[in-house]
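Colleague: Thanks for making time for me today. Could we go through this model together, one question at a time?

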Amino acid sequence: MSVRSERKRGRDYIFPQGLEATDGAYQNLYNVVYAIGKLNIDELHFQVEHFDELEKGFDFYAPQTFVDENDERIMFAWAGSGEMDYPSDENGWAHCLTVPRKLRVQGEKLYQKPIPALTKLRKQEQKNTLTLSNQPTSIEGFREAVEGIFHFHESPSEDVYVDIQFNKDDVFRLKYDVKKHVVSIDRGQFTHTFGEQFGVTRNGTLASGELKKVDLFFDHSILEVFINDGELAFTSRIFPTKQQLDIQVYGPEKTRISYELYELSKAIEK
């Protein structure tokens, strides 16, 4: 079904359930959406002015928000989907939570980015500036929990690929299609694959039309990617057989990028 719209007592009502999948939107069985508009508190009526998918990943569901001590709106979500059979099921556990994300509205767009307090988890670090060539540029990473930040100092003239590698059989690929302004992710190349019937790729279009920044958080079985400080977000459960995270970047020659990699400590110590 597509979005159902009904008119009752002179008002339009939108029911965001059973959304029809399109190229780059509503690919999951249980989609999460947000609406921006005006609330008439006296008549308890919300006039929808903009309606969109909240997240573009595979495993994002049931978000909850609260206001913190700085009066910022913070969101957590459930990282898992009821229709999936995850490799961890046989071990008696499934799902986890996303990192907390700060929300902001800019125009008709809801942005989400990791809260600044997560920087307190950083310990070992790597920083460098690179110029891409016709050969893949390799970046050796860390084990277990990792945060990565990649800045593109000029808009790429050709497609860009970022391969997050755990070994030759476990590779998560992020691609930016320059002509279409589309960011896509692919988790199809893993030893432990699952949910193939629901697709192994997801994608989203950059309304800004330019790739400037990629943030990623990896922790054992979850990878969260944020594009352009939250213009797009992708949550993916992955189950690599090795925890060492290395990265290869492919892009047009002479494109300058800088990166920061951090090994992360545990948020809660036993």
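**A walk through the model**

Modeller: Happy to! A good place to start is a polar contact of 2.7 Å that joins the side chains of Thr-235 and Arg-101. Please keep in mind that this is a predicted model.

Colleague: Is Thr-235 buried or exposed?

Modeller: Thr-235 lies in strand β19. Its relative accessible area is 0%. Buried means under 20%, so Thr-235, at 0%, counts as buried.

Colleague: Which residue is in contact with Thr-235 and also shares a polar contact with its side chain?

Modeller: Leaving aside neighbours within four places in sequence, Thr-235 is in contact with several residues, including Phe-58, Asp-59, Ala-79, Thr-98, Arg-101 and Ile-222. The polar contact of 2.7 Å links the side chain of Thr-235 to that of Arg-101. The name on both counts is Arg-101.

Colleague: Which residue stands opposite Arg-101 in the pairing of β6 and β8?

Modeller: Strand β6 covers residues 73–79 and strand β8 covers residues 101–106. These two strands pair in the antiparallel sense over 2 bridges. Opposite Arg-101 of β8 stands Met-75.

Colleague: On to the next pairing: how many bridges link β8 and β9, and which residue in the turn has a positive phi?

Modeller: β8 pairs with strand β9, residues 109–114, in the antiparallel sense over 6 bridges. Gln-106 stands opposite Lys-109 in β9. The two strands form a hairpin with 2 residues between them, and the turn residue with a positive phi, about 65°, is Gly-107.

Colleague: Now for enclosed space. Which element gives the largest share of the lining of the largest cavity?

Modeller: The structure holds 6 cavities of 30 Å³ or more, and about 60 Å³ of space lies in the largest cavity. Its lining includes Tyr-34, Glu-53, Lys-109, Leu-110, Gln-112 and Leu-232. The elements that give two or more residues to this lining are β9 and β19. The largest share, 3 residues, comes from β9.

Colleague: How many charged residues are in that lining?

Modeller: Glu-55, Lys-56 and Glu-231 are among the residues that line the largest cavity. By class, the lining has 5 nonpolar and 2 polar residues. The number of charged residues is 5.

Colleague: What about the open pockets? Which element gives the largest share of the lining of the largest pocket?

Modeller: The largest pocket has a volume of about 1,000 Å³. Of the 35 residues that line the largest pocket, the closest to its centre are Ala-145, Asp-219, His-220, Ile-222 and Ala-267. Two or more lining residues come from each of β7, β17, β18 and β21. The largest share, 3 residues, is from β17.

Colleague: And which element gives the largest share of the lining of the second largest pocket?

Modeller: The second largest pocket has a volume of about 220 Å³. Of the 16 residues that line the second largest pocket, the closest to its centre are Lys-113, Pro-114, Arg-122, Glu-147 and Asp-215. The elements that give two or more residues to the lining are β9, β12 and β17. Here the largest share, 3 residues, comes from β17.

Colleague: Let's finish with the backbone. What is the phi of Ala-62?

Modeller: Ala-62 is found in strand β5, residues 61–67. Its relative accessible area is 35%, so Ala-62 counts as partly exposed. Although Ala-62 is not a glycine, its phi is positive, at about 55°.

Colleague: In the hairpin of β14 and β15, which residue takes a positive phi?

Modeller: 6 bridges join β14 to β15, and the strands run antiparallel. In β15, the bridge partner of Tyr-176 is Val-183. The hairpin has 4 residues between the strands. At 30% relative accessibility the loop residue we want counts as partly exposed, and with a positive phi near 60° it is His-181.

Colleague: Last one: how many of the 8 residues of β14 are buried?

Modeller: On another side, 7 bridges join strand β13 to β14, which run antiparallel, with Tyr-161 opposite Lys-175 in β14. β13 and β14 also form a hairpin with 2 residues between them. β14 is largely enclosed by the rest of the structure, because the buried residues among its 8 number 6.

Terms used
Residues numbered from 1 in each chain as written. Predicted model: local features only at pLDDT ≥ 70, side-chain atom pairs only at ≥ 80, totals over all residues. Heavy atoms only, no water. Pairing = 2+ DSSP bridges. 1 Å grid on protein atoms, 1.4 Å probe; cavity = no way out; pocket = protein on both sides within 12 Å on 5 of 7 lines; lining within 4 Å. Points joined across faces, edges and corners; volume = space filled by probe spheres on them. Nonpolar A, V, L, I, M, F, W, Y, C, P; charged D, E, K, R; others polar. Buried < 20%, exposed > 50% of the residue type's maximum accessible area, 1.4 Å probe, protein only. Polar contact = N/O pair within 3.5 Å; in protein donor to acceptor, adjacent residues only side chain to side chain. Contact = heavy atoms within 4.5 Å.
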